[in-house]
Amino acid sequence: MEEGAADLRQRKKQNCTESDKMAPEERNKENSKLGRSPKYLLIQRFAKLFFGCLAAVTSGMMYAVYLSTYHERKFWFSSRQELEREITFQGDSAIYYSFYKELLKAPSFERGVYELTHNNKTISLKTINAVQQMTLYPELIASVLYQASGSEEVIEPVYFYIGIVFGLQGIYVTALFVTSWVMSGTWLAGMLTVAWFIINRTDTTRIDYSIPSRENWALPYFACQVAALTGYLKKNLNCSAEKFCYLLVNASTYTFMMMWEYSHYLLFVQAVSLFLLDSFALAQTEKVHEVYRIYLFSVIVGYLLQFENSALLVSPLLSLVVALMLSKSLQMNMKKSTFVSRLLKIMYIYLVLTVAVTLNFLLKMFIPHKENGHLLKFIEVKLGLNTTKNFTMNWLLCQESLQAPSQDFFLRLTQSSLLPFYILVLIICLFSVTQVIFRRICGEPLKEAVKLEDGRIGERPEIVYHVIHTILLGCLAMCLEGMKYLWTPYVCMLAAFGVCSPELWMTLFKWLRLKAVHPILLALILSMAVPTIIGFSLWKEFFPRIMTELTELQEFYDPDTVELMTWIKRQAPVAAVFAGSPQLMGVIKLCTGWMVSSLPLYNDDDLLKRNENIYQIYSKRSAEDIYKILTSYKANFLVIEDSICNEVGPVRGCRVKDLLDIANGHVVCEEGDNYAYSKYGRFCHEIKMNYSPYVNYFTRVYWNRSYFVYRINTVISFQS
């Protein structure tokens, strides 16, 4: 153990210049043994790099074109009017795109940014900093690019916007390609990664039905960061490549943090992976701590540029990084006794965790913050540590993305052969990593360079990092189905790397003690044959389905919503305020520009309370109660959706009206029987009867098959 630590410190101190001087000499000796000239090998490496990069870029471009074509076929986008196109943006997606429209309509970019940071034209009686609260940096960048590039006369704003998102998805795929290529050494792994990613598109991305969502803007940058980090952690990396990877990790980490409000949580998971990697001395400590410094820099700069966003200061990422920095001196000054060093290593891990938790607790005590407190309550209820009748909490628990993944999810991954190969690769890598950790505990040093015949894939730090990272993300995905969009892409990448890596097959053969066939030759053959067979079977089974998706025209038409938006734009006063479900309010804000009383946002306690109060229109409350709630938000019109009022939910107790009845105490469930305690009928039903007292407070002004619009009377008549 002592010798291994000394060797590791010696390797860290070796500078890039020395490495670059030694590398050509070693390569020349190796080449002379193989009977190959350096010029021949240079051409071979250049050809491999050129065709690999060409394949990576082509894969990304083809995926972006595929998404654009599929989107066009799904919505008939080019043949629609502007209003019909905008209706395809639902919920929070509609809000993001509406602010992009406002930026383009502003007389100048500076004025547009000011109006967003002092926005009082979206939510009634509330001024918000929309840029900070909704993380609108993607819209700021898109609007600047649209105007600076002179695209006004070439392309419509909506095509430019979704084109950027589709282009980022192409970068996402390219980054996954490069990651698996760097890990396996062959770009065949990248091709297989892309194939699995596209085939499992419903489980790898949310792009189909939520184009402007923050994760679709942010995750491509995180994928680039992971690719750069993979290269940065590699051993025997030349100086130029190491600097390039370091700079790319810097840029992509900061950009990722600016694009998504929840990015620091994902970076926290990554930081935990690196912490475990460093704790077992499986990577160069200096490199890992350089990444910690990047985290620290990104958090500080993000805090300043996100209008002093205090949520970053109380984030677990910052607490963990600071704790690691404070504890570094103890780790570096450990005594050299083997037993004592092991004991101090355990104490070091305990110290880091203790300091991180304590620091986070103190920061939350002394720093005023608006961190999502409801997330902690949600975790308590989700884990069964608490129960609640709160409408918002139970509504979140009923969302499909926040429930455990269904059996269909695992069935889909199995049918595409992804899950079986992922489990195989993960088991081999995990056992190999465990062996390496055991050797380190026994005092055996790590090898300077792991060769193919060694069969020690677990000694490669980038592999260990990905094993830990995918396990942590997998644990989250097993609890929340929405986390599968973070986990499944890396499942594709890790599985493709494994089946294409001769080192992984060689590691397996070392355990099996294969002697009948030369193990190195068999490993090389299998690393080519297995992915080829997988690729051929995937092509045969799934390619016809993908082509059918691209050629089949799907009908998406919502005439009732189009009629509602048209009526609002033509008949409603400009200063009117609309109230209704938050999802519909987002569409109204986008399509008409009218002010609304609530929005589908779940990171603000005041907006969550508003949503719950306005949802009372579907509860068993009196007309007077509903009238008081709506007028308290200065609402002028009320929109009732028949789909919510008459909802027949697949999960009992998860309908909006059921959750409201539970929260209001109007229904008590005992042994399967329901007992009603409200003397009023359901408001959304009663108001349609047009009798007193409902007609005294509300006047119906428009209706169709799906929506009923009522004007909220300012002068109340109590005539029966």
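**Why the terms apply**

Q: Which residue in strand 7 stands opposite Val639?
A: Val639 has Val709 opposite it in strand 7. The model is predicted: local features need pLDDT of at least 70, side-chain atom pairs count only at pLDDT 80 or more, and totals for chains, interfaces and linings use all residues. Numbering runs from 1 along each chain as its sequence is written, and side-chain values use heavy atoms, leaving out hydrogens and water.

Q: What makes strand 3 and strand 7 a pair?
A: Strand 3 and strand 7 are joined over 5 bridges in the antiparallel sense. Pairing requires at least two bridges found by DSSP between two strands, so the 5 bridges of strand 3 and strand 7 qualify them.

Q: How do you know that strand 6 and strand 7 pair, and what joins them?
A: Strand 6 and strand 7 share 5 bridges, again antiparallel, and the criterion of at least two is therefore met. One bridge partner is known by name: Trp703 has Phe708 in strand 7. A hairpin of 3 residues joins strand 6 to strand 7.

Q: Why are strand 2 and strand 6 called edge strands?
A: The open sheet has 5 strands in the order 2-1-3-7-6, with mixed pairing. Strand 2 (595–596) and strand 6 (698–703) each have a single partner strand, so one side of each has no neighbour in the sheet.

Q: How do you know that strand 1 and strand 2 pair?
A: Strand 1 (residues 577–579) and strand 2 have 2 bridges in the parallel sense. The limit is at least two, so 2 bridges meet it. Met595 in strand 2 stands opposite Val577.

Q: What makes helix 27 a helix that packs on the sheet?
A: Helix 27 (residues 559–571) touches strand 1, strand 3 (637–641), strand 6 and strand 7 (707–712), and its direction makes about 25° with that of strand 7. Contact means heavy atoms within 4.5 Å. Such angles, from 0 to 180 degrees, are taken between N-to-C directions of lines fitted to C-alpha atoms, for helices over the stretch in contact. Helix 30 (residues 623–632) lies across strand 1, strand 3, strand 6 and strand 7, at about 75° to strand 6.

Q: Why is strand 7 called mostly covered?
A: In strand 7, 5 of the 6 residues are buried. Buried means under 20% relative accessible area, exposed means over 50%, and partly exposed lies in between (1.4 Å probe, protein chains only). In the whole protein chain of 720 residues, 52% are buried.

Q: What makes Arg201 and Asp208 a salt bridge?
A: Their side chains meet at 3.1 Å, N to O. A salt bridge needs a side-chain nitrogen of Lys or Arg within 4 Å of a carboxyl oxygen of Asp or Glu, so the pair of Arg201 and Asp208 at 3.1 Å counts. The whole structure holds 25 salt bridges.

Q: Are Arg201, Asp208 and Glu549 buried or partly exposed?
A: Arg201 has a relative accessible area of 4% and Asp208 has 14%. Both values are under 20%, so Arg201 and Asp208 are buried. Glu549, at 27%, falls between 20% and 50% and is therefore partly exposed.

Q: How do you know that Arg201 and Glu549 link distant parts of the chain?
A: The side chains of Arg201 and Glu549 form a salt bridge at 3.4 Å, N to O. Arg201 is in helix 11 (residues 201–204) and Glu549 in helix 26 (residues 519–551), 348 residues apart.

Q: What makes Leu54 eligible for the nonpolar surface patch?
A: Leu54, in helix 3, is partly exposed at 44% relative accessible area. Patch residues need over 30% and no salt bridge; like charges are joined within 9 Å, nonpolar side chains (Val, Leu, Ile, Met, Phe, Trp, Tyr) within 5 Å. At 44%, Leu54 therefore passes the area limit. The patch of about 610 Å² is made by Phe46, Phe50, Phe51, Leu54, Trp187 and Met191, and helix 3 (residues 38–75) gives the most to it, with 4 residues.

Q: Why is His469 called buried?
A: His469 has a relative accessible area of 2%, which is under 20%, so it counts as buried. His469 is in helix 23 (residues 461–479) and touches Phe222, Val269, Gln270 and Ser273, leaving aside residues up to four places away in sequence.

Methods:
Areas by Shrake-Rupley, 256 points an atom, 1.4 Å probe, with all protein chains shown as cover.
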